[in-house]
Amino acid sequence: MTHRPPIAQPVPPTDPHSDAIRVDALTKRFPTPGGGAVTAVDAVSFRVARGGVTGLLGGNGAGKTTTISMLLGVLLPTSGRVEILGVDMARHRHAVLARMNFSSPYVELPHRLTVQENLTVYGHLYGLTCVKKRVQELAEQLDLARFLNRPSGGLSAGQKTRVALAKALLNEPEVLLLDEPTASLDPDTADWIRRYLEEYRARTGATILLASHNMLEVERLCDDVLVMRQGRIVDHGAPLDLLARYGRATLEEVFLDIARARVDGGGADKNEMAQGETVDAAE
Ligand SMILES: Nc1ncnc2c1ncn2[C@@H]1O[C@H](COP(=O)(O)OP(=O)(O)OP(=O)(O)O)[C@@H](O)[C@H]1O
């Protein structure tokens with residue numbers, strides 16, 4: 001049997017003023033061995049305006065990574081729709097991938113390649129014209145020069161995080177999806193990365209969606225926050241609005257209120273099951 005390459009679908013014209021990220025009723029169910037399913041993301045809808053920085057908060061297993069994976073198109077949604085920069089990801093993902101990127105501590109770069117080799121390979125994959133120059137530029141900006149010739153697998157967790165961020169910035173993305181961008185970084189380096197992201201956004205007007213467990217980071221970087229629990233968005237708003245609504249001084253306290261469902265308002269449901277999973281019957 002011969003395999004023919006899929007015929008590229010013509011991309012319809014997109015509205016340059018559309019939201020950077022538009023998610024409608026996005027759902028992901030993973031089948032479980034017993035014939036049931038884990039609903040990791042449950043009919044989630046949200047928008048991120050162009051140039052906005054939105055934080056995705058939630059306890060372990062709330063559905064943040066699964067949501068980001070579906071935005072990237074590496075996980076197929078069970079149902080629902082994702083649009084990035086006005087492009088329907090299910091139909092025309094190829095048309096927008098070059099304008100976005102991501103970094104995640106859960107995705108390792110090939111271990112045996114040096115940092116320089118890894119960044120160079122990704123630079124070519126992204127179709128950059130001056131790969132060497134861009135790698136040097138990012139190595140300087142992210143203080144990676146000392147690691148460039150070391151195998152990526154031998155780096156510390158914090159060093160890997162910085163290399164992963166460099167990889168994510170190679171194509172100077174308009175939409176940047178970051179899963180725990182400062183995980184494993186010492187406070188000084190984490191602060192430095194946050195400042196870098198602030199500057200990057202100011203310089204390029206990029207849109208950033210950032211999953212984080214660090215509430216200070218979210219307060220500092222984000223102009224909007226989505227709080228997930230058991231696959232659903234249980235509250236959202238600007239950090240200052242959330243503080244006012246919950247009568248709290250810090251986002252950490254708001255997060256704890258929502259996570260432990262100590263509040264009556266704000267969308268948190270006292271009667272939900274333990275944090276982590278919603279198990280549905282098989283369809
Ligand atoms: N491939 C998979 N197969 C089955 N269940 C999965 C799979 N990936 C994720 N899940 C489940 O989906 C739910 C959401 O997981 P996800 O990794 O999206 O959460 P998270 O909010 O990113 O958590 P954390 O903060 O711990 O990284 C969890 O219950 C998880 O066990």
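The paragraphs below lead through a predicted model of a protein chain with a ligand, beginning with the overall fold and ending with single residues.

The protein chain is built from 9 helices and 11 strands. Its length is 283 residues, of which 39% count as buried. When contacts are restricted to pairs of residues at least 6 apart in sequence, 67% of those in the protein chain join residues at least 24 apart.

The ligand is a natural place to begin the closer view. Its surroundings comprise 13 residues, and the closest of them are Phe30, Ala40, Asn60, Thr65 and Thr66. Two elements each give two or more residues to this shell, namely strand E2, which covers residues 37-48, and helix H1, which covers residues 64-72. The largest share comes from H1, with 3 residues. Sorted by class, the shell around the ligand holds 4 nonpolar, 7 polar and 2 charged residues.

Strand E2 deserves a second look for its backbone, since Ala43 lies in this strand. Most residues other than glycine have a negative phi. Ala43, however, has a positive phi of about 55° although it is not a glycine. Ala43 counts as partly exposed because it has 14 C-beta neighbours inside 10 Å, a number between the limits of 12 or fewer for an exposed residue and 20 or more for a buried one.

A positive phi is also found at Asp143, where the value is near 55° and the residue is again other than glycine. Asp143 sits in the loop between H4 and helix H5, the latter spanning residues 157-169. Because 14 C-beta neighbours lie inside 10 Å of Asp143, this residue counts as partly exposed.

The loop that holds Asp143 begins after H4, and H4 is itself one partner in a helix pair. The axes of helix H3, residues 115-125, and helix H4, residues 131-141, come within 9 Å and cross at roughly 130°. H3 and H4 are therefore oblique to each other, as the angle falls between the range of 65 to 115 degrees that counts as roughly perpendicular and the values over 145 that count as roughly antiparallel. The crossing in which H3 passes H4 is right-handed. On the side of H3, the contact is made by Gln116, Leu119, Thr120, Gly123 and His124, and on the side of H4 by Val131, Arg134 and Val135. By class, these contact residues divide into 3 nonpolar, 4 polar and 1 charged.

A further helix pair is formed by H8, residues 239-246, and H9, residues 251-259, whose axes come within 9 Å and cross at roughly 60°. H8 and H9 are therefore also oblique to each other, and H8 passes H9 in a left-handed crossing. Pro239, Leu242, Leu243 and Tyr246 of H8 make this contact with Leu251, Val254 and Asp257 of H9. The contact of H8 with H9 has 6 nonpolar residues, no polar ones and 1 charged residue, whereas 4 polar residues take part in the contact of H3 with H4.

The remaining stops are arranged around helix H6, which runs over residues 187-204 and includes Tyr200. Tyr200 counts as partly exposed because 18 C-beta neighbours lie inside 10 Å. Although Tyr200 and Leu169 are 31 residues apart along the chain, their C-alpha atoms are separated by 9.4 Å.

On one side of H6 in the sequence is the loop between strand E7, residues 175-179, and H6, and Ala183 lies in this loop. With 19 C-beta neighbours inside 10 Å, Ala183 counts as partly exposed, because a residue is buried only from 20 or more. Not counting residues up to four places away in sequence, Ala183 touches Pro105 and Thr161. The C-alpha atoms of Ala183 and Gly158, which are 25 residues apart along the chain, are separated by 7.4 Å.

On the other side of H6 is the loop between H6 and strand E8, residues 207-211, where Gly205 is found. Gly205 is exposed, because 11 other C-beta atoms lie within 10 Å. Gly205 and Gln141 are 64 residues apart along the chain, and their C-alpha atoms are separated by 18 Å.

Technical notes:
Residues numbered from 1 in each chain as written. Predicted model: local features only at pLDDT ≥ 70, side-chain atom pairs only at ≥ 80, totals over all residues. Helix = DSSP H or I, 4+ residues; strand = E, 2+ residues; numbered from the N terminus. Contact = placed C-beta atoms within 7 Å. Near = placed C-beta within 6 Å. Nonpolar A, V, L, I, M, F, W, Y, C, P; charged D, E, K, R; others polar. Axes fitted to C-alpha atoms, helices over the stretch in contact; angles between N-to-C directions. Parallel < 35°, antiparallel > 145°, perpendicular 65-115°, else oblique. Left-handed = near helix turned anticlockwise from the far one by under 90°.
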